[in-house]
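Morning, everyone. Please look at the structure on the screen. I'll go through a few places in turn.

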Amino acid sequence: MSSSSLQGKRVVLVVTGGIAAYKTCEVVRRLRDHGVEVRIAMTTAATRFVAPLTFAALSGQPVVTSLFEGGSPEEIPHVRWAEWADMLCVAPATADFVAKMAHGVADDFASTLSLANAAPTLVAPAMEDDMYRHPAVQRNIATLTGDGVAIVGPATGSLASGRTGPGRMSEPDEIVAAALRVLRHGVIAADLEGQHVVITAGPTYEALDPVRGFTNRSSGRMGFELAREARWRGARVTLVAGPTSLVPPAGVRYQPVRSAGEMHEAVRSVAADAEVAIMCAAVCDFTPAEPADAKLKKGARDRIDIPMVRTADILASLGTSAERPFLVGFAAESSGLREHAVEKMECKNCDMIVGNLIGGADVGMGGHENEVVILDRQGGEQQVGRSSKADVATRIWNAIARFREQASR
Ligand code: CTP
């Protein structure tokens with residue numbers, strides 16, 4: 001991911017009193033790796049978990065823990081800090097701090113700063129599962145979402161008490177990815193709240209025998225980023241993915257599959273109630289007609305012909321379903337991009353198609369970046385220049401939101 005566009009961006013990080021505060025150290029380090037400047041405010045409780053000196057050393061800035069620290073009265077540090085910030089991030093956010101933010105309580109430096117802040121805000125809750133499930137906490141989180149605050153996590157896993165459940169602070173990777181997203185594109189709209197989104201990703205693997213098979217270079221990254229962005233926007237996400245080495249984004253329902261046939265079955269079983277389906281997978285079009293049960297021996301032959309049969313077209317079959325979701329396809333082409341993409345959109349009955357040219361190191365299939373054109377069935381066209389797949393995912397969801405909003409008028 002290119003860090004240049006984030007050079008000099010400024011994040012105020014509020015650390016509140018949870019055991020997960022130690023993971024926030026890593027968040028600071030990684031944000032700084034991207035060229036982001038970080039200032040840290042800690043609640044008194046947070047200082048019981050990690051020493052302010054640790055955060056001062058990691059951020060290269062003094063850490064503030066009290067409203068009445070050092071500065072002269074005219075400085076009003078909470079206001080200065082709020083003005084300085086391009087973004088406010090609270091990690092970990094305890095149930096208490098979430099409640100303060102939701103109700104506008106300002107009784108220490110961290111909460112006063114949060115109230116003075118007008119920049120986009122990201123909150124990573126961390127608490128025990130029974131606290132997280134409590135209606136009061138759920139209400140407070142819903143209030144924050146309604147106020148335009150982006151919530152990342154919490155994840156489900158082992159908690160400080162030794163129990164397992166939802167409430168664990170998201171991993172640093174996830175928090176940093178969300179923070180970079182907010183810094184690059186601003187507030188995350190909760191425009192998919194309550195909707196079910198189905199995404200396919202990665203390659204498929206078509207077995208020839210127990211050890212060999214046909215596949216392609218797709219890494220799955222584009223589909224995983226689409227799933228991550230959809231989750232941040234509030235969707236319930238099902239991610240059906242062929243073999244990949246990627247870690248699924250937090251909070252999505254992950255369904256790993258292998259072959260085109262398995263992918264088709266998985267999509268069929270989950271797509272009925274989907275509002276949006278994005279078919280991003282590079283599905284093998286053919287599969288060996290008769291995969292061998294035992295490893296094929298080369299014997300004396302000097303060539304081999306392998307009969308292959310067509311796989312089902314998952315996208316096209318969704319396109320003909322009665323309760324068709326808003327349908328987005330991908331078209332990877334080596335030439336004639338626009339023309340082939342439009343043709344695929346029409347014959348597979350999609351609402352939108354994302355086309356990209358294959359080729360170029362680290363761009364498109366298998367790479368970290370992508371360069372695409374987004375076409376819709378109303379004739380709309382948007383070019384997205386070479387950018388990280390996370391950025392491209394944000395733009396695709398923006399285009400989907402715009403199109404659906406116009407269509408509903
Ligand atoms: N697709 C699918 N099932 C298949 C083949 C493709 O769902 N069996 C979907 C892909 O996920 C993508 C779109 O169809 O969204 C276009 O895929 P692509 O491989 O570019 O096109 P094909 O239809 O396979 O045509 P061709 O390989 O001839 O370019």
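One cut-off before we begin: a residue counts as buried when its relative accessible area is under 20%. Also keep in mind that this is a predicted model.

Start with D209. Where does D209 sit? Its place is in the loop between β9, residues 206-207, and β10, residues 213-214. Is D209 buried or exposed? Its relative accessible area is 3%, so D209 is buried. Now look at what its side chain does. A polar atom of that side chain lies 2.8 Å from the backbone nitrogen of V211. The D209 side chain also makes a polar contact with the side chain of R212, at 2.5 Å. So much for the neighbours in the loop. Leave aside residues within four places in sequence, and D209 is in contact with A292, A294, K295 and L296.

Next, the ligand. Which residues come nearest to the ligand? There are 15 residues around the ligand, and M279, A281, F330, K344 and K348 come nearest. Take the two lysines. In the side chain of K348, an N or O atom is 2.5 Å from an oxygen atom of the ligand. For K344, a polar side-chain atom lies 2.8 Å from a ligand oxygen. The backbone takes part in this list too: a polar backbone atom of A332 is 3.5 Å from an oxygen atom of the ligand. How much of the ligand does the protein bury? Alone, the ligand exposes 570 Å², and the protein buries 76% of that.

What is the shell made of? By residue class, it divides into nine nonpolar, two polar and four charged. By element, α11, residues 314-319, and β16, residues 326-333, each supply at least two shell residues. The largest share comes from β16, with four residues.

Now helix α1, residues 21-33. Its length can be checked. The helix has 13 residues, and at 1.5 Å a residue it should span 18 Å. The end C-alpha atoms are 19 Å apart, which agrees. Which residues of α1 are buried? They are A21, K23, T24, C25, V27, V28 and L31. Note that a lysine, K23, is on that list. And what covers them? The cover includes strands β1 (10-15), β2 (37-42), β3 (87-93) and β7 (164-168), plus helices α2 (52-59) and α8 (172-185). Just after α1 comes G35, with a positive phi of about 85°.

Two strand residues to finish. The first is V373, in strand β18, residues 369-376. V373 has 4% relative accessibility, so it counts as buried. Not counting residues up to four places away in sequence, V373 touches L337, I353, V354, G355, E381, Q382 and Q383. How far is V373 from Q61? The two are 312 residues apart in sequence, and their C-alpha atoms are 42 Å apart in space.

The second is Q255, in strand β12, residues 253-256. Its side chain makes a polar contact with the side chain of R253, at 3.4 Å. Beyond four places in sequence, Q255 touches T238, L239, V240, A241, A266 and V270.

To recap: D209 is buried and its side chain contacts R212. The ligand has K344 and K348 among its nearest residues, and 76% of its area is buried by the protein. That's my tour.

Key. Residues are numbered from 1 along each chain as its sequence is written. This is a predicted model: local features need pLDDT of at least 70, side-chain atom pairs count only at pLDDT 80 or more; totals for chains, interfaces and linings use all residues. Side-chain values use heavy atoms; hydrogens and water are left out. A residue is near a molecule or strand if one of its heavy atoms lies within 4 Å of it. A polar contact is a pair of N or O atoms within 3.5 Å; within protein, one must be able to donate a hydrogen and the other to accept it, and residues adjacent in sequence count only if both atoms are side-chain atoms. Accessible areas come from the Shrake-Rupley method with a 1.4 Å probe; for residues, only the protein chains shown count as cover. Ala, Val, Leu, Ile, Met, Phe, Trp, Tyr, Cys and Pro count as nonpolar, Asp, Glu, Lys and Arg as charged, and the others, Gly among them, as polar. The expected span of a helix is 1.5 Å times one less than its number of residues. Buried means under 20% relative accessible area, exposed over 50%, partly exposed in between (1.4 Å probe, protein chains only). Contact means heavy atoms within 4.5 Å.
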